[in-house]
Amino acid sequence: MITKRVVLFAVVIAGGLVGACATEEDPLMLVARGLFEPIDERAPVIEGIAGTAQQVELGKMLYFEPRLSRSHNLSCNTCHLVGLGGIDAVETSLGHRWQRGGRNAPTVLNAVYNLAQFWDGRAKDLEEQAGGPIQNPIEMAITADHAVEQLKGIPGYVTKFNQVYPEATDPVTFDNLIKAIAAFEATLITPNAPFDRYLKGDDQALTPEQKEGLELFINKGCAGCHGGINLGGASYSPFGLVERPEADILPPEDKGRFEVTRTENDEFVFKVPSLRNIELTAPYFHSGK
């Protein structure tokens, strides 16, 4: 029953009924407000990125552009399908020449709220992340120079880049490309879930059973890692917090954040995944298990 009710709470993060009234007398709501934060309906601003409507539009075009891959078959959306919860629903993604990536593709939805990008946090933000898969030989497998060369050969893109970066002498650059993609990805947020409405004061947004699930979620310690605006994504944790999983679940060759920091304590440590839209984003762990 505990599991069922916690799951019911998790489901309300993604969808449900609209409540009818608001109250400030709910003690659970007051506790929840101290641990979580509702998603604002306005897309957050990334430092150093204008985020104009034109830049977002260009970023959307590039996000779905397969010509940014060596085979002309893969795009950002191949592994992070916007219409499928921001994931590809497989353990590990297929990339260039049918190669398999080493980790599960996390959701792009609400990724802007994470403390860093990738499971090991090696990219500080969406801008730094956006250029990685394009150049990764296992993923899209194209060089930065080749990507720019492709775009410069397409008149429509040259026009768009000139519109978005009018002050630039040479606007079609890899740096401007990833800025545009990041600007678009920052708009991929999912506000106004029942839980968001509850945090904003709508006491009827959650059912009594869902509230019981929320209370258990808090009291059992789940919120210690899965808190904040993204219900996760704000910290790192050992994979297998209580007991290390077996090798078939925990790939022994993937030491997680250790590969970034080279700190012994970071072996098998990964970014805590977000629970936003969890009913859409399986499989959940970095290994795809």
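**Entry 1: His72**

I started with His72, which comes out as partly exposed because its relative accessibility is 37%. That figure falls between the cut-offs, since buried means under 20% and exposed means over 50%. I then looked up where His72 sits, and I found it in the loop between α3 (53-63) and α4 (76-79). I also noted its phi, a positive value of about 65°, although His72 is not a glycine. A reminder to myself: this is a predicted model.

**Entry 2: Arg97**

Next I asked which loop holds Arg97. I found Arg97 in the loop between α4 and α5 (126-135). Arg97 is not a glycine either, and I read a positive phi near 55° for it. Is Arg97 buried or exposed? Its relative accessible area is 67%, so I wrote it down as exposed.

**Entry 3: the whole chain**

I stepped back to see the chain as a whole. I counted eleven helices and two strands in the protein chain. Reading from the N terminus, I noted the order α-α-α-α-α-α-α-α-α-α-β-α-β.

I wanted to know how the radius of gyration fits the chain length. For 289 residues, a compact globule would have a radius of gyration near 19 Å, and the protein chain has 20 Å, so the two agree. I also looked up the box that the C-alpha atoms fill, and along the principal axes it is roughly 60 × 45 × 30 Å.

What share of the residues is buried? I found 50% of the 289 residues in that class. For the accessible surface of the protein chain I noted about 14300 Å², with 55% of it belonging to carbon and sulfur atoms.

I checked the contacts too. Among those between residues at least 6 apart in sequence, 70% join residues at least 24 apart. Last for this page, I compared the charges: the mean positions of the 26 positive and 38 negative ones are 3 Å apart.

**Entry 4: helix α5**

I picked α5 for a closer look. Seven of its ten residues are buried, so I describe α5 as largely enclosed by the rest of the structure. I listed the buried ones: Leu126, Glu127, Gln129, Ala130, Gly131, Pro133 and Ile134. What covers them? I found that the cover includes α8.

From that list I followed up Gly131, which lies in helix α5. Its relative accessible area is 5%, so Gly131 counts as buried. Setting aside residues up to four places away in sequence, I saw that Gly131 touches Phe174 and Ile178. I also looked up a pair that is far apart along the chain: Gly131 and Leu177 are 46 residues apart in sequence, and their C-alpha atoms are separated by 8.5 Å.

**Entry 5: helix α6**

Then I moved on to α6, which covers residues 144-152. I found Ala144, Ala147, Val148, Gln150 and Leu151 buried there. These residues cover an arc of only 155° around the axis, so they lie on the same side of α6. Which residues are exposed on the other side? I noted Asp145 and Glu149. The buried residues of α6 have cover that includes α3, α5, α7 (155-164) and α8 (174-185).

**Entry 6: two loop residues**

I looked up Gly51 in the loop between α2 (27-35) and α3. Its relative accessible area is 40%, so I put Gly51 down as partly exposed. Leaving out neighbours within four places in sequence, I found Gly51 in contact with Val56 and Ala183. The C-alpha atoms of Gly51 and Val164 are separated by 10.0 Å, with their places 113 residues apart along the chain.

Leu84 came next, in the loop between α4 and α5. With 39% relative accessibility, Leu84 is also partly exposed. Apart from neighbours within four places in sequence, Leu84 is in contact with Ala89 and Leu280. I noted one distance for it as well: the C-alpha atoms of Leu84 and Leu275, 191 residues apart along the chain, are separated by 15 Å.

**Entry 7: a cis bond**

My last stop was Pro283, in the segment after β2 (269-271). Is the peptide bond from Ala282 to Pro283 cis or trans? I found it to be cis, with omega near -5°.

Conventions
Residues are numbered from 1 along each chain as its sequence is written. This is a predicted model: local features need pLDDT of at least 70, side-chain atom pairs count only at pLDDT 80 or more; totals for chains, interfaces and linings use all residues. Side-chain values use heavy atoms; hydrogens and water are left out. Helices (H or I, at least four residues) and strands (E, at least two) are DSSP runs, numbered from the N terminus. Buried means under 20% relative accessible area, exposed over 50%, partly exposed in between (1.4 Å probe, protein chains only). The radius of gyration is taken over C-alpha atoms; the globule rule is 2.2 Å times the number of residues to the power 0.38. Contact means heavy atoms within 4.5 Å. Accessible areas come from the Shrake-Rupley method with a 1.4 Å probe; for residues, only the protein chains shown count as cover. Lys and Arg count as positive and Asp and Glu as negative; His and the chain ends are not counted. The place of a charge is taken as NZ of Lys, CZ of Arg, CG of Asp or CD of Glu. The arc is that of the directions from the helix axis to the C-beta atoms.
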